[in-house]
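Please open the model in your viewer, with the backbone drawn as a cartoon and side chains ready to be switched on. The stops below say what to select next and what is to be found there.

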Amino acid sequence: MVQARKITIKEFRGIRNLSIDFNGKNFAICGHNGTGKSGVVDALEFALTGNISRLSGKGTRVVSLKDHAPHVDSRNNPEKAEVTLEIYIPSIKKIATIVRNVKSPSSPIIAPDDLDIKKILDQVSIHPEFVLSRREIIKYVVTTPGERAEEVQALLRLSEIEDLRQILNKVANSCSKEIAPLERERDSSKIRLISALEVVDFNQKNILEVVNRRRDTLGLSPLASLTTRTSLKDGLSVVASSNQFVFSKTTALKDIARLNILISYIKSKEARDICADIEKDLLSIENNSDVLKHLTRENFLRSALLLINDDFCPVCDTELSLENLKKIVEAKLKTFEEVKSKRTAIEIKLSPLLSILDELRSLLLTVANYGTQVFPVIDTGRLRDHYKIINDRIIKIEAFIPVADTIKEIKEFSKFSNGVEIVVNSLEVFIGKLPSLTEKDNAREYLTICQERFSAFNSNSAKLAQAKSRASLSSKVYEIYSNKSTEILDNIYKEVESNFSELYRIINSHDEGEFTAQLIPSTGKLGFDVNFYGRGFFPPGAYHSEGHQDSMGLCLYLALMNHLLGNGFTLAVLDDVLMSVDSGHRREVCNLLKSKFPNTQFILTTHDRVWLTHMSTVGLISQGSSLHFRDWNVDSGPADWNKVDVWQKIYDDLDKDEVKSAAATLRDYLEFISTELCHRLRAKVEFRGDAQFQLGDLLPSAMSCFKELLIRGESIATSWKKTEEAEKIRKIKDNFNLLVTASYLEQWQINKAIHCNEWANFTKRDFIPVVDAFKSLVNFLFCNDCNGLPEVVPNRGEREVLKCNCGSMNINLKK
Amino acid sequence: MAIDIKKQKTLSEVPKKIFSEFLNELQKAEISEDITARLRIAILDDESFSEKTIKKALLNE
């Protein structure tokens, strides 16, 4: 992975032109809502991946990268929306620059042209998860096990594991589904063979006995054994036949008898009752428009899954990655589980009816053929017509959809045209009157028919055996895959679970030092329970506060990233992720990030200045590694207090006679500077539980604290007989006092006329001296060399030194 | 230098590990070498996860 050194953002989201030096260090961006913080986050993600998750994730159909990533005024010029990011790649110790614009997001310009750099950026581009927002935190914690599994698997890039599991499962299911119709066909051919053989028990001994008896009649050698290759009529072709027909009278009469039995059954009350029961089930689907709609959609989606093999939708040809398209369809299919189980239950009831129809279809054709083989020929067209009807019926019932068609076929199941029975009866009478054949001819016909049916039976048995073997193979492969993937994933989740618990305990050591959690994977799901103060394991949302849930989300994310990237976890952009966490816990979060992830560069955004202060106090971010957006407008984008010439803006407003605007800016700026000073100087400020400190709470305290520190510094320098040093401090103090006096600051609390609340009502002429006075005062506080504000060191305990960043100011405060 | 992100192979370490161990398990379970070889090509070399490809590799059809 990489670390961010510098970013330049042009005409992108709410930003017109902004550069930030991250220097590869932790960095914080603070600002009120709508000041452009997330624009920087989007720019980082875009530079590294060519995408912006929040413009392309769930529920973002109406927005898109191309249309909405450019600044609103450049929406028709996506080529102007450009992000340049300089990165450092620790693993290969190289620096690179990525320039990417919204017009060609997938074709960044990368310099230098280096294969190692390209390889690493390829990896980074598929890891958008280095950006984490609060929205994303919650999806790991407060969500359903199914959705959590998807999110975690997506984060860990495990989606292919589930994809393959589903495919293997589907193949195993489709193979096992092939068995039932083949079994019906095999059984049907077996019945017909048994009928021809005239045996009760279908076994090798009996078959050889009846066959060899006929072979003996014909003078053929007996068969010693029976295999699928055995020809029952072996040697028969050389023996002349006196039979004028090409079928056996006995077999034909048996087939006709069997056909009549089937017809009788189909017309029986038993069959009608079964059909009525199935019809009732089918009607319950048919009459429920929602279920029917879902069933139709489920069927459609199931077919769609079979057709998805390329990177486009098989229906509308829309370009979509194969993976995304399948995910969309599979997610939709999951919503139809209930309908699927209803369908399966009915299909089980339909199975015996389909077996009867299979046999009927086969017999209708066989018996119809007898009609064409007698002389004079008997018209069996009705049987052939009915064969077609039964064939269509089987196809429609097997298809199940449309349900209306299945209902129609079930209703017709017991209806049998009298015409069919008339033809069958006349054929039976005709064949019955045919002269009996000689014993030899009978034996010949017997062996011929039996061989034909024996071949059909063998062929169907072979097909069934092959289907069973495929089903067994695919099911075994699926089982091996499931076991292996579960074993490895279980270990991964155990590691993540342990790391998560450890990280969470660090944040909440004061009251949840014994905290543990359970990540419980199951097929397509990931349960997540946490221990609630030793009272048992519950879902995170059950008893823990929202703040605890936020920190759980962050810890789970960090544990997952630790597992996913290990030492490669070098960059994380945390976009306002801990807004529900209280200040005490935020400090611990800072400690956690600093101590447990020393090699990860965190870029954090927050709207809370106190949070920013915590980061600085704990040392998560160093001096100069933060940005404070004071304002944003559509024309100029975010404005940073440190980088904008505030005074110029105020004077510009006054030139336009906009005193109100100038007064507001001055007040905001002084509030910002006062906060910084109070923090740096450790000034005493009246405590407010809501942390809503106003300028009147801060500025006088900051100034009087600075003055006291100078007095103390001068006194200590004098006591150490450092006359020159004492004189230098005295001069600073005197100049500072003059500036404070000029600003009327000492009268702040008593003279309402100089109070900032009144500034907006000043005339331009009255307000200019106020601005001048504060400008001089504030500028005096900044170091001329490093441009930093003074700071007391250390930030707790006895005050030792008052210094600036570069050391130009270095006043000893220790006696 | 333009990078064509769309055509990159994206299989990460964990799936690779699972798939490799799965294929090794197939050999131990005496699944034919032909089947294992075809699955290895489809899953690890081509990273193709369509039902059609996997079915073809598994059932040789």
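**Stop 1: a sheet in chain A**

Begin by selecting β8, β9 and β10 of chain A, which form, in that order, an open sheet of 3 strands with antiparallel pairing; strands here are DSSP runs of E of at least two residues, helices are DSSP runs of H or I of at least four residues, and both are numbered from the N terminus, while two strands pair if DSSP finds at least two bridges between them. The strands β8 (517-522) and β10 (537-538) of chain A stand at the edges, each with a single partner strand, so one side of each has no neighbour in the sheet.

Before going further, note that this is a predicted model, in which local features need pLDDT of at least 70 and side-chain atom pairs count only at pLDDT 80 or more, whereas totals for chains, interfaces and linings use all residues. Residues are numbered from 1 along each chain as its sequence is written, and chains are lettered from A and ligands numbered from 1 in the order in which they are written.

Now follow β9(A), residues 525-531, which runs antiparallel to β8(A) and is joined to it by 6 bridges; on this side A:Pro521 stands opposite A:Leu526. Towards β10(A), also antiparallel, there are 2 bridges, and here A:Val530 stands opposite A:Phe538. The hairpin of β9(A) and β10(A) has 5 residues between the strands, and in it A:Tyr533 takes a positive phi near 45 degrees.

Which side chains of β9(A) point to one face and are buried? Show the side chains and you will find A:Leu526, A:Phe528 and A:Val530 there, while A:Lys525, A:Gly527, A:Asp529 and A:Asn531 point to the other face and are not buried. A residue counts as buried if 20 or more other C-beta atoms lie within 10 Å of its own, as exposed if 12 or fewer do, and as partly exposed in between, with C-beta atoms placed from the backbone.

**Stop 2: helix α1 and the cores**

Select residues 37-49 of chain A, the 13 residues of helix α1, which reaches 19 Å from its first C-alpha to its last, close to the 18 Å expected at 1.5 Å a residue; the expected span is 1.5 Å times one less than the number of residues. Because 13 of the 13 residues of α1(A) are buried, this helix is largely enclosed by the rest of the structure. A:Gly50, which follows α1(A), has a positive phi near 80 degrees.

Within the helix range, pick A:Leu44, which touches A:Ala4, A:Ile7, A:Leu85, A:Val131, A:Val573 and A:Ile603, not counting residues up to four places away in sequence; contact requires C-beta atoms, placed from the backbone, within 7 Å. A:Leu44 is also among the residues with the most contacts inside the largest nonpolar core, which has 115 residues. Helix α17 (residues 439-507) of chain A gives the most to this core, with 12 residues. A second, separate core of 44 residues includes A:Leu259, A:Leu350, A:Val367 and A:Phe454. Such a core is a set of buried Ala, Val, Leu, Ile, Met, Phe, Trp, Tyr and Cys residues joined through C-beta atoms within 7 Å.

**Stop 3: A:Arg382**

Next, go to A:Arg382 in helix α14 (residues 381-399) of chain A. A:Arg382 is partly exposed, with 19 other C-beta atoms within 10 Å, and its contacts include A:Ser417 and A:Val420.

**Stop 4: chain B**

Finally, colour chain B, which has 3 helices and 0 strands; 26% of its 61 residues count as buried.

How values were computed. Contact = placed C-beta atoms within 7 Å.
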